[in-house]
Amino acid sequence: MEKQIDHRGRQAGPIGIFDSGYGGLTVLSEIRALMPENDYIYLGDNARAPYGNRSYERVYQFTLEAVKWFFRQGCHLVILACNTASAKALRTIQQVNLPELDPRKRVLGVIRPTAESVVTLSESGHIGILGTEGTIRSGSYELETGKLDPHITVTGEACPMWVPLVENREYDKPGADYFVQQHLERLLEKDPLIDTIILGCTHYPLLMHKITRYLPEDVKVISQGKYVAESLRNYLHRHPEMEEKCTKKGSIQYFTTDSPEKFEQQASIFLNEPIDARQTDLEQKL
């Protein structure tokens with residue numbers, strides 16, 4: 001394969017997309033739809049998923065191993081398409097690890113671009129967050145929206161059953177309605193002024209049709225993929241030095257730390273195309 005070299009003679013590479021499991025495929029789909037010319041590598045750490053209930057230390061350790069893995073694959077830019085990893089590991093990796101590993105490379109998350117979008121969409125200034133326990137406990141959305149608008153009120157609701165509903169293909173079954181309605185009612189009871197809700201987990205868009213069923217018509221629901229994709233495109237436009245480090249042959253590779261066969265089967269929930277996944281190990285050292 002012909003190697004793509006940037007103007008300084010460095011070999012370019014694909015954009016890395018990381019998630020603890022399958023949900024990041026919803027983000028990948030939106031990114032590919034917006035920028036189909038780019039090459040991508042998707043990695044799911046399925047052997048150690050879910051991350052939602054794990055400690056900060058474990059999530060940070062696992063996410064750092066994934067970032068190092070992407071760098072070994074030639075990626076200059078890695079997107080953490082995982083709210084828990086973005087909440088618990090991104091800042092430390094950006095501030096502590098990147099300067100040591102390679103200060104020219106970048107790791108971005110999904111929380112900041114989502115926060116930037118939601119503060120412009122909410123009219124009441126009251127925002128709801130639906131996410132895993134780890135994401136809600138982290139307070140990351142409160143922190144990011146607060147930087148953008150200190151008058152925003154953010155209220156979170158952890159939905160621990162929603163990911164299993166999706167991965168067990170129960171998201172469109174009648175039994176899912178109970179868990180969806182329960183958490184939406186709890187969220188709006190905490191703050192009846194909420195007019196915009198963020199789906200703070202990349203699995204949750206598959207429950208969108210049920211979520212909107214149990215919400216007032218004037219409450220907007222934000223699915224992250226679209227906004228993350230737009231933010232990434234804008235980032236590359238603002239940073240042409242990173243843009244030229246990204247290869248553009250329209251390819252995509254899928255990797256998992258668990259069974260490739262299982263990954264291919266589960267990925268069909270999130271993607272409308274068959275894929276070929278490969279197994280990999282994240283614990284190799286740089």
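These are my notebook entries on the cores, pockets and salt bridges of this predicted model.

**Entry 1: cores**

I began with the nonpolar packing. The largest nonpolar core holds 65 residues, and within that core Leu 25 and Trp 162 have the most contacts. I then checked which element gives the largest share, and it is helix H11 (residues 224–238), with six residues. A second core sits apart from this one. I count 24 residues there, among them Phe 18, Leu 64, Ala 66 and Ala 89.

What does Leu 25 touch once neighbours within four places in sequence are left aside? I get Tyr 42, Tyr 254, Phe 263, Ala 267, Phe 270 and Leu 271. Background note to self: nonpolar side chains tend to be buried together in soluble globular proteins.

**Entry 2: largest pocket**

Next I looked for open space. The largest pocket comes out at about 620 Å³. Its lining has 32 residues, and Leu 90, Gln 94, Gly 109, Arg 112 and Glu 144 are the closest to the centre. I wrote down the elements that give two or more residues to this lining: helix H3 (83–88), helix H4 (90–101), strand E4 (106–108), helix H5 (111–121), helix H7 (140–148) and H11. H4 gives the most, with six residues.

I also sorted the lining of the largest pocket by class, and found 15 nonpolar, nine polar and eight charged residues.

**Entry 3: second largest pocket**

The second largest pocket has a volume of about 460 Å³. I find 29 lining residues here, with Pro 50, Tyr 51, Val 163, Glu 167 and His 203 the closest to the centre. H3, helix H6 (133–138), helix H8 (162–167) and helix H13 (260–270) each supply at least two residues of this lining. H8 has the largest share, three residues. By class I get eleven nonpolar, 13 polar and five charged residues for the lining of the second largest pocket.

**Entry 4: salt bridges**

A search of the whole structure gave me 15 salt bridges. I followed up three pairs.

Glu 144 pairs with Arg 112, with the closest N and O atoms 3.0 Å apart. The two sit in distant parts of the chain, Glu 144 in helix H7 and Arg 112 in helix H5, 32 residues apart. Is Glu 144 buried or exposed? Glu 144 counts as buried because its relative accessibility is 11%, under the 20% cut-off. Arg 112 is at 34%, so I logged Arg 112 as partly exposed. I had already met both residues among those closest to the centre of the largest pocket.

Lys 210 forms a salt bridge with Asp 177, and here the closest N and O atoms are 2.6 Å apart. Lys 210 lies in helix H10 (residues 208–213) and Asp 177 in helix H9 (residues 175–190), so this pair ties together parts 33 residues apart in sequence. Both Lys 210 and Asp 177 are buried.

Asp 102 bridges to Arg 104, at 3.1 Å between the closest N and O atoms. Asp 102 is buried at 13% relative accessibility, whereas Arg 104 is partly exposed at 42%.

**Entry 5: the network**

Last, I asked which residues are joined into one network by salt bridges that share partners. They are Arg 91, Arg 112, Glu 116, Glu 144 and Lys 147. The Glu 144 and Arg 112 pair from the previous entry belongs to this network.

Technical notes: Residues are numbered from 1 along each chain as its sequence is written. This is a predicted model: local features need pLDDT of at least 70, side-chain atom pairs count only at pLDDT 80 or more; totals for chains, interfaces and linings use all residues. Side-chain values use heavy atoms; hydrogens and water are left out. A nonpolar core is a set of buried Ala, Val, Leu, Ile, Met, Phe, Trp, Tyr and Cys residues joined through side-chain atoms within 4.5 Å. Buried means under 20% relative accessible area, exposed over 50%, partly exposed in between (1.4 Å probe, protein chains only). Helices (H or I, at least four residues) and strands (E, at least two) are DSSP runs, numbered from the N terminus. Contact means heavy atoms within 4.5 Å. On a 1 Å grid over the protein atoms alone, a cavity is a set of points where a 1.4 Å probe fits but cannot get out, and a pocket is an open set with protein on both sides within 12 Å along at least five of seven lines; lining residues have an atom within 4 Å of a point. Grid points are joined across faces, edges and corners, and a volume is the space filled by probe spheres set on the points. Ala, Val, Leu, Ile, Met, Phe, Trp, Tyr, Cys and Pro count as nonpolar, Asp, Glu, Lys and Arg as charged, and the others, Gly among them, as polar. A salt bridge is a side-chain nitrogen of Lys or Arg within 4 Å of a carboxyl oxygen of Asp or Glu.
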